[in-house]
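Hi there,

Here is the structure I promised to pass on to you. My notes on it follow below, so have a look and then read on.

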Amino acid sequence: TSISTGHKTYSGVINMDTTKTIKYTTISEQLKAQLGYKIGVLTTVNLNHATPAAFYAHQSSRKNYYEIGQEMIASNFDYFAGGGLLSPTGKNKDLTCLYDVAKENGYTMTTTQSEIEAVNKNTGKVIAIDENLADGDAMNYDMDLADGKWNLADYVEKGIEVLNNDKGFFMMVEGGKIDWACHANDAAASINDTLALDKAVQAAYKFYEQHPADTLILVTGDHETGGLTIGYAGTNYDTYLKNLENQTLSYAKFDSEYVASYKENNTPFSQVLVDIKNNFGLVTADDAAAAADPTLVLTDYEVQKLKRIRIMNLTLDGIKEGEYREITAQEWEELNHLLESSTSETVIRTGEQNGNSSDHANERAGAKAGQGSKGVLPAGYRDHKQQRVRSDVRRASGSGERDRHCSGKQPNHKRRVRGS
C-alpha cells in the first residue's frame, strides 16, 4: 500500500486506511484513468496475492482472495501474468468461478505456454496463468524450471510487447517467491529467484536502452523475510555459499517429488539419506565423501532430527483425528533408537505452506503412548503390539483456498506436501 499509494496502513490491509473505510487510489489506477496508460501486473506467486493486489484492489484483508480477484477483473487492466488465482470460487466454493468471470468481462485467458506465446498487442486484455504451477499454485522456483519453460523475464518481454503504445504503459513486476524461499530458509532457491528477478530487470532495461528519454525503472524490496545475513560469528563470518551449488532443486520440489513418496512407500531412512546427498550434497559422517568437505557433513543432531521427522510423518500420515493404528515393528525399532539417543519430545509441525509460514506455525502433530503426555513417547516403552499412535493433527489449509472444480480450462496444478 505504501509503495502503490503513498499511504501507510495496517499490515494485511490492501489500499485502505486504518479505519478500513477509506479507499486509496493506486498509482496504476491513476495512470490508466488520467493518462490512458496500459497497465500490467506480473508476479511469480498468485495474481490475487498481497503485492499484486496492492496495485488494483482495496480490501480490509489480504485474505479476501475472491473479492480481490473480482477487483482484478474490474480494474480493466491490460496484462496480468503469473500464478493461479487463490479461492477462485470463494471461501465456501459456491460463487461463480473467477476464470469464467474474467472471460465474461472480455479477458483472454491463457493457461499454456503456447497460448501466451501467441498473444500480441492486438489480443486485447490478457490474464496469463503459467502452465506449470507448483506449490501454492504459484510459478515454479527458477531453479526448478525445466529447459525451455518460461520464467519471469519471459513474461516481462511479452508484457512489453503487449503494453507498448504511444500513450505509455506501467508494469509492476514481482519476484514473489523470493519471499517464500526465505520463509522456508531455502537460501539456494531465494538466491536463484533473486537472479531471476535480475534477468527480468535486464529485459526491462533493454527496452530502456531503446527509449531512454521516457522510461523509468524502479527496483526495490518491500520487506525482508527469514533473517538472511552474510555470515555470523558462529561460522567465523563464512557464508559457505559454495555449498549451495550442490543443491539441485528447491525445498518445495523436494517435498513434492520425494517426501510425498516416502509416506506412500515407507521408504527406508538409508534411501532418504541417498536422496539428500544427491540433491543437497549433504552426507553423514560415515559416508565416503565426508572427508572431502567437512562443511557438508550432517551433525548427529541433524541426522536424529531427520529421522524423527520421517518417522512421525509416516506414522501420522493419513490418520484422522481420534483414530488409532498400531505402528509397525520397523517404526517402533527406529523410535526406540531415537529415544535411546535423545530425551527430547517427539513433536513436529505439519501442513502445507502458501508463502506465509506464520499461518502454519501452530499446526502440530503429536504421538500419544500409554499415559505419556501429548507428543511424548516414554523411554522404556517397548511393546510395539500394544503401542498405538494417535493423530491430533489440524491440517493446515495451505494453498487449499483454491478450488480445483472451476468450470472451464484450469491450470496444471502440482500439489506440494510438506512435513517440517
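**Around Q59**

Setting aside residues within four places in sequence, Q59 is in contact with V13, I14, M16, N64, E67, I68 and E71. Please bear in mind that this is a predicted model. Q59 sits in the loop between α3 (50-53) and α4. With a relative accessibility of 12%, Q59 counts as buried, because the cut-off for buried is under 20%. One of its contacts, M16, is 43 residues away in sequence, yet the two C-alpha atoms are 6.6 Å apart in space.

Another of the residues touching Q59 is E67, which belongs to helix α4 (residues 65-74). E67 has a relative accessible area of 32% and is therefore partly exposed. From E67 to A57 the C-alpha distance is 8.5 Å, with their positions 10 residues apart in sequence.

**The chain as a whole**

Stepping back, the chain has 13 helices and 9 strands. It runs to 420 residues, and 50% of them count as buried. Among contacts with a separation of 6 or more, 67% join residues that are 24 or more positions apart.

**α9 and its partner α7**

Let me turn to α9, which covers residues 187-210. How far should its 24 residues span at 1.5 Å a residue? The expected figure is 34 Å, and the end C-alpha atoms of α9 are 35 Å apart, so the two agree. The buried residues of α9 are A188, A189, S190, D193, A196, L197, A200, A203, A204 and F207. Their cover includes α7, β5 (169-174) and α8 (177-183).

Since α7 is part of that cover, the packing of this pair deserves a few words. Two packed helices are described by the angle between their axes and the distance between the axes. For helix α7 (residues 152-163) and α9, the angle is about 25° and the axes are 7 Å apart. Angles under 35 degrees count as roughly parallel, so α7 is roughly parallel to α9. On the α7 side, the contact is made by L152, A153, V156, E157 and I160, and on the α9 side by L197, K199, A200, A203, A204 and F207. Of these α9 residues, L197, A200, A203, A204 and F207 are also listed as buried. The crossing of α7 past α9 is right-handed.

Leading up to α7 is a loop that starts after β4 (126-129), and L145 is found in it. Not counting residues up to four places away in sequence, L145 touches N140, W150 and N151. L145 and L249 are 104 residues apart in sequence, while their C-alpha atoms are 9.3 Å apart in space.

**α10, its bend and its partner α11**

Helix α10 takes in residues 251-265. Its 15 residues should span 21 Å at 1.5 Å a residue, and its end C-alpha atoms are 20 Å apart, which agrees. You will find a bend of about 30° in α10 at Y258. The buried residues of α10 are Y251, A252, F254, D255, V259, A260, Y262 and K263.

How do the axes of α10 and helix α11 (residues 269-280) cross, and within what distance do they come? They cross at roughly 170° and come within 12 Å. An angle over 145 degrees counts as roughly antiparallel, so α10 is roughly antiparallel to α11. F254, Y258 and Y262 of α10 make the contact with V272, D275, I276, N279 and F280 of α11. Y258 is thus both a contact residue and the place where α10 bends. After α10 comes N266, with a positive phi near 50°.

**Positive phi in two loops**

Two further residues are worth a look for their backbone angles. K93 is a residue other than glycine with a positive phi, near 55°. K93 lies in the loop between β2 (79-83) and α5 (98-104), and its relative accessible area of 48% makes it partly exposed. Y240, also a residue other than glycine, has a positive phi near 55°. Y240 is placed in the loop between α9 and α10. Is Y240 buried or partly exposed? At 34% relative accessibility, Y240 counts as partly exposed.

Happy browsing, and best wishes!

Conventions. Residues numbered from 1 in each chain as written. Predicted model: local features only at pLDDT ≥ 70, side-chain atom pairs only at ≥ 80, totals over all residues. Heavy atoms only, no water. Helix = DSSP H or I, 4+ residues; strand = E, 2+ residues; numbered from the N terminus. Buried < 20%, exposed > 50% of the residue type's maximum accessible area, 1.4 Å probe, protein only. Expected span 1.5 Å × (residues − 1). Bend = angle between axes of the 7 residues up to and from the residue. Axes fitted to C-alpha atoms, helices over the stretch in contact; angles between N-to-C directions. Parallel < 35°, antiparallel > 145°, perpendicular 65-115°, else oblique. Left-handed = near helix turned anticlockwise from the far one by under 90°. Contact = heavy atoms within 4.5 Å.
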